[in-house]
Amino acid sequence: MDRDSFHRLCLTFVMVVCSVVPSLGQNQENVDPPYLVGMISLIAREPVLRELQIEPDSDELLRIRLLLKSFPVTLKQRINFPAQEDRKQPRTPQEVFADVESEYVEQLKVLLTPSQYDRLRQIHWQRWGFQALHDAELREALELTAEQVDGLNSLHNLFETQKRDIESQRDALQDRGGDISDVRASLRKITKDRDRAYDDVLTADQRIRFAELKGRLFKLSRPETATKPEPPVIAQPRSRGILFLVSKEPVVVELGIENDYPLVAKLRALAKEYTSELNEVRRKSRGEEQNWRQELESKLYDKYVVDLKAMLTANQFERLQQIYWQQLGNEALNEKEVASALEITADQQHLIAELNQELVKKVRMLIGLPGRNAGAADLADRLKQEILATKQELDEQVLQVLTTSQRDLFEQLKGKPFNLDQLKSHLVNDPKAFPSK
């Protein structure tokens, strides 16, 4: 479940609650303390999964996601078809929501280790801020007195009353098309006043203990945009990966292993095994965020490259890498080994990434021009030439980002020129690429 899917799920929850109780949120004399729901939603967030060290392709994550998928179904059933005891004493949707989440949190405890659950709870409390003081576990840990609990509840009631009044003013201003900036400032002010009042309820020792219980600061929201954004992650071109390259007959000949039939057979098996596992990883990570999928695939790729290096001599792997970098062209500048050897700076990385993105945009624009899908051979050839010319133009600009010494070293790293045209007729599954003896 990706972030967008989860947001849609949250919206569904709100719609279910509002449809069951239309008057929910209107003025009431008494306001119950907030239900600190949301721990289930936290576990669906990628940053939290990383913090808990839950591997993207693990069975643990699969079980968690299955639990999350059943949550909205259970919630809807409990609201629409209440149990017999609930029919005698009807409960609010908030109470049903809180009860269902409590049940699911207990199931989540079984799936997580104690340390993972403790960290999840810390993040949950950080997310709620001072309102976390309404949590039963936290109140017990802080040893809040009955008088303190009553004080917190009174402050919450006061805040909710003030908030409703301000929101009514906002709605009236919006209907008239007025400026609501002052209303927003008022909301921020009463929130700060509430937090200060909550803090005053605690003793000095309880404040220290509260900070300890919330644990190490975790920033769940996206970091603020820096003056210069980080370069976008450039996916390694898997379709032309080094594991597929070593399977091609011209490369086998270049490495001098065309007569080493057992070794060639092992290389072929390694490439097939990698392809199979890569497809499985992509299947399991379908729907996840792109950067996460790329990182997962990169880890798998690096693991198989280690196996590949173990099968070849140092000279053979070096030559294979040179051919691979020649095949990548300027995209090889995104390779860790190349970037490290050339000592490419952060500014250069940004410029190269921007040029790569510009290339993608221009190619898409060329493909999308009217008449491009006519299928005529001359149109296809013309389009191919235009794309090639665009790529060559931007390749020159990418090289200009490098210093003279970096360009020279880049050429040295790519080694003796290899005729890449001969690779076009030798596919991975071409039986001629592997001797049958």
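Good morning. A residue is called partly exposed when its relative accessible area lies between the buried limit, under 20%, and the exposed limit, over 50%. By that rule E411, at 46% relative accessibility, is partly exposed. Please bear in mind throughout that this is a predicted model.

Let me stay with E411. Its side chain forms a salt bridge with that of K414, at 3.1 Å from N to O. Both residues belong to helix α20, residues 404-414, and because they are 3 residues apart there, about one helical turn separates them. K414, in turn, counts as buried, since its relative accessibility is 13%.

A second pair shows a comparable arrangement in helix α10, residues 181-201: D193 and R196 are 3 residues apart, so about one helical turn lies between them. Their side chains meet in a salt bridge of 2.4 Å, N to O. D193 is partly exposed, with a relative accessible area of 28%.

Which residue pairs with K303 in a salt bridge? The partner is E277, at 3.3 Å from N to O. This pair links distant parts of the chain, with K303 in helix α15, residues 290-311, and E277 in helix α14, 26 residues apart. K303 is partly exposed at 42% relative accessibility, and E277 is also partly exposed, at 27%.

Across the whole structure, the search finds 17 salt bridges. E51, R119 and R216 are joined in a network of such bridges. As a general remark, side chains of opposite charge can pair when their charged atoms come close.

I turn now to helix α14 itself. The helix runs over residues 261-284, and its 24 residues should span 34 Å at 1.5 Å a residue; the end C-alpha atoms are 35 Å apart, so the two figures agree. Its buried residues include L263, L267, L270, Y274 and L278.

That brings us to the nonpolar interior. The largest nonpolar core has 47 residues, and those with the most contacts inside it are I242, L308, L320 and L333. Among the elements giving two or more residues to this core are α12, α15, α16 and α19. Helix α14 gives the most, with 7 residues.

What does L320 touch, leaving aside residues up to four places away in sequence? Its contacts are I242, L245, V246, V251, L255, L308 and L312. Apart from the largest core lies another, of 27 residues, including V48, L49, V105 and L120. In soluble globular proteins, nonpolar side chains tend to be buried together.

Thank you for your attention.

Key
Residues numbered from 1 in each chain as written. Predicted model: local features only at pLDDT ≥ 70, side-chain atom pairs only at ≥ 80, totals over all residues. Heavy atoms only, no water. Helix = DSSP H or I, 4+ residues; strand = E, 2+ residues; numbered from the N terminus. Expected span 1.5 Å × (residues − 1). Buried < 20%, exposed > 50% of the residue type's maximum accessible area, 1.4 Å probe, protein only. Salt bridge = Lys/Arg side-chain N within 4 Å of Asp/Glu carboxyl O. Core = buried A, V, L, I, M, F, W, Y, C linked by side-chain atoms within 4.5 Å. Contact = heavy atoms within 4.5 Å.
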